[in-house]
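Visitor: I'd like to go through this one with you and hear the reasoning behind the labels. Can we put it up on the screen?

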Amino acid sequence: MPERNTISWNGLISGYVKNGMTWEAREAFDKMPERNVVSWTAMLRGYVQEGRLKEAREIFDEMPERNVVAWTTMINGYVIHDKVDLALSLFRLMQLQGIRPNFPSMISTLSVCGSLATLNHGREVHAQLVRSLFDCDVYVCSVLITMYMKCGDLVNGKRVFDRFTSKDTVMWNSIITGYAQHGLGKEALQVFYDMVSSGVPPDEVTFIGVLSACSYTGRVKEGLQLFESMKSKYLVNPKTEHYSCVVDLLGRAGKLNEAMNLIRDMSVEADACVWGALLGACRIHNRLDMAEVVAKKLLLLEPENTGHYILLSNIYSSQGRWRDVAALRSNMRVQSLSKSPGCSWIEVEKKVHTFTGGDITSHPEHAVILRMVEKLDGLIIEVGYSPDGSFVLHDVEEEEKVHNLRHHSEKLAVAYGILKVPKGMPIRIMKNLRVCGDCHAAIKLIAKVTEREIVLRDANRFHHFKDGSCSCGDYW
């Protein structure tokens, strides 16, 4: 071209970005004599879609002016790549700088609020959607329902659901999945039957929701009937996710041989999700013989997934087979694999406070938190709590096991919640892994002695603790 302007430069950069040629795009970007917001945003999008978030943030921070598209692109990048805490902090910054969020950025932020369970921020975004007249959209309402359900606010989730007379499949699925995650099997199945009777056809996601609901509540007969009806009545072909739910259903109920037979007779190849469900059941029912067979399958399918090593390690340690535990950990070290640390967080006054298991000094208020942990420990011991050392994965003395259990991340978060959340309000805790059995027993008693409601969302489901019991009925 004898003469190039900003539009032609932007065309070249956008073409490179659309074809995944970020290096070439950056080379052209650096040569541009003059850039505008389109140039910067195109380069930002290129880094985001390739997952190079560090470079993306550098471009974002260097931008001389940022429009709502640039903000939304960066927020979406964090959401897509599971950097939900960074996405939420950027959304807060966007609001502080007076940038009015557009529809995509509000939807992305609702997803972030659901992932982090930051209910107060979710309510704020809901209010913005109402003011912008976006709340009448069926898709928006489905995202709102999911956000409220993931934050443990079933009342508002159901309220959004009930507002709509003509509901689509996605909206029905949102409420069914939400009830399933909270262990409300009866309610989830009732919504499913209402959905069918209203003439809305269930899809693959619907059946994942209802089968999970049956699994979480021990409804084996009803779950198997629904699984059989998928193809014969509703013309939905079962996939590995559905088989995984049924294996989990049978496994939790102690029907491990039936679960193994189902896997052998599957119409599709069993994946790690299916075998993982069976390994989890082996852990619950102490079936070491089957666990070792299943674990070998999993390690062939996903040799770099530390979760399989840890679950088998749990089973070995529960039976005192420390030599086998040590061999597993040695194997992990050889492959440079490391266990993700247990991490819990709680939102207090619109700020997320994070706790990592065993890390008792990183929080600025760690001294007062530890005093509360010790106080709670004393109170629940008086009403019958006894530390369960089988959930400590090290061959150590009993006193050290008790010390390790006391500093699990969910106990630290609960202690902080009791210190900071006003009485009468639920304490809402999130955890990145499955809650351990000792913490589950302890939090039931903490809820009783403090007369508080504690809602814990772990990697699998919700637990609502109140008056010394849990909504899961200890079936989890």
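Visitor: What makes arginine 321 count as partly exposed?

Guide: Keep in mind that we're looking at a predicted model. Arginine 321 has a relative accessible area of 28%. Buried means under 20% and exposed means over 50%, with partly exposed in between, so arginine 321 lands in that middle class.

Visitor: And why is glutamate 292 put in its class?

Guide: Glutamate 292 has a relative accessible area of 25%, so partly exposed is the label here too.

Visitor: Why do you say that the side chains of glutamate 292 and arginine 321 meet in a salt bridge?

Guide: The N to O distance is 3.4 Å, and the cut-off for a salt bridge is 4 Å, so the pair qualifies. Glutamate 292 sits in helix H18 (residues 288–301), while arginine 321 is in the loop between helix H19 (306–318) and helix H20 (322–334), so the bridge ties together parts 29 residues apart in sequence.

Visitor: How many salt bridges does the structure hold?

Guide: There are 16. One of them joins arginine 123 and aspartate 153, with the closest N and O atoms 3.3 Å apart. That pair links distant parts of the chain, with arginine 123 in helix H8 and aspartate 153 in the loop between H9 and H10, 30 residues apart.

Visitor: Buried or exposed: what is aspartate 153?

Guide: Its relative accessible area is 8%, and the limit for buried is 20%, so aspartate 153 is buried. Arginine 123 is at 36%, so that residue counts as partly exposed.

Visitor: What makes lysine 420 and glutamate 365 a salt bridge?

Guide: Their side chains meet at 2.9 Å, N to O. Set that against the 4 Å limit and the label follows. Lysine 420 belongs to helix H23 (residues 409–420) and glutamate 365 to the loop between strand E2 (351–356) and H21, which puts the partners 55 residues apart.

Visitor: Now arginine 452. How do you know that it has no salt bridge?

Guide: The nearest side chain of opposite charge is glutamate 453, and that is 8.6 Å away. A salt bridge needs 4 Å or less, so this pair fails the test. Arginine 452 is buried all the same, in the loop between helix H24 (437–450) and strand E4 (454–457).

Visitor: What lies 2.9 Å from a polar atom of the side chain of arginine 452?

Guide: The backbone oxygen of valine 421. Arginine 452 also touches residues including Ile418, Pro422, Met425 and Phe465.

Visitor: Why is H21 called roughly perpendicular to H24?

Guide: The axes of helix H21 (residues 366–382) and H24 come within 9 Å and cross at roughly 90°. Angles of 65 to 115 degrees count as roughly perpendicular, so that name fits H21 and H24. In the contact, Leu376, Leu379 and Ile380 of H21 meet Ala442, Leu445, Ile446, Val449 and Thr450 of H24.

Visitor: What makes aspartate 377 count as buried?

Guide: Aspartate 377 lies in helix H21. Its relative accessibility is 10%, and buried means under 20%, so the label holds. Outside its neighbours within four places in sequence, aspartate 377 is in contact with Tyr385 and Arg406.

Visitor: One more: why does glycine 468 count as partly exposed?

Guide: Glycine 468 is at 24% relative accessibility, so it falls between the 20% and 50% limits. This residue is in the loop between E5 and strand E6 (469–470). Glycine 468 and leucine 445 are 23 residues apart in sequence, yet 5.0 Å apart in space, C-alpha to C-alpha.

Note on methods. Residues numbered from 1 in each chain as written. Predicted model: local features only at pLDDT ≥ 70, side-chain atom pairs only at ≥ 80, totals over all residues. Heavy atoms only, no water. Helix = DSSP H or I, 4+ residues; strand = E, 2+ residues; numbered from the N terminus. Buried < 20%, exposed > 50% of the residue type's maximum accessible area, 1.4 Å probe, protein only. Lys, Arg positive; Asp, Glu negative; His and termini not counted. Polar contact = N/O pair within 3.5 Å; in protein donor to acceptor, adjacent residues only side chain to side chain. Contact = heavy atoms within 4.5 Å. Axes fitted to C-alpha atoms, helices over the stretch in contact; angles between N-to-C directions. Parallel < 35°, antiparallel > 145°, perpendicular 65-115°, else oblique.
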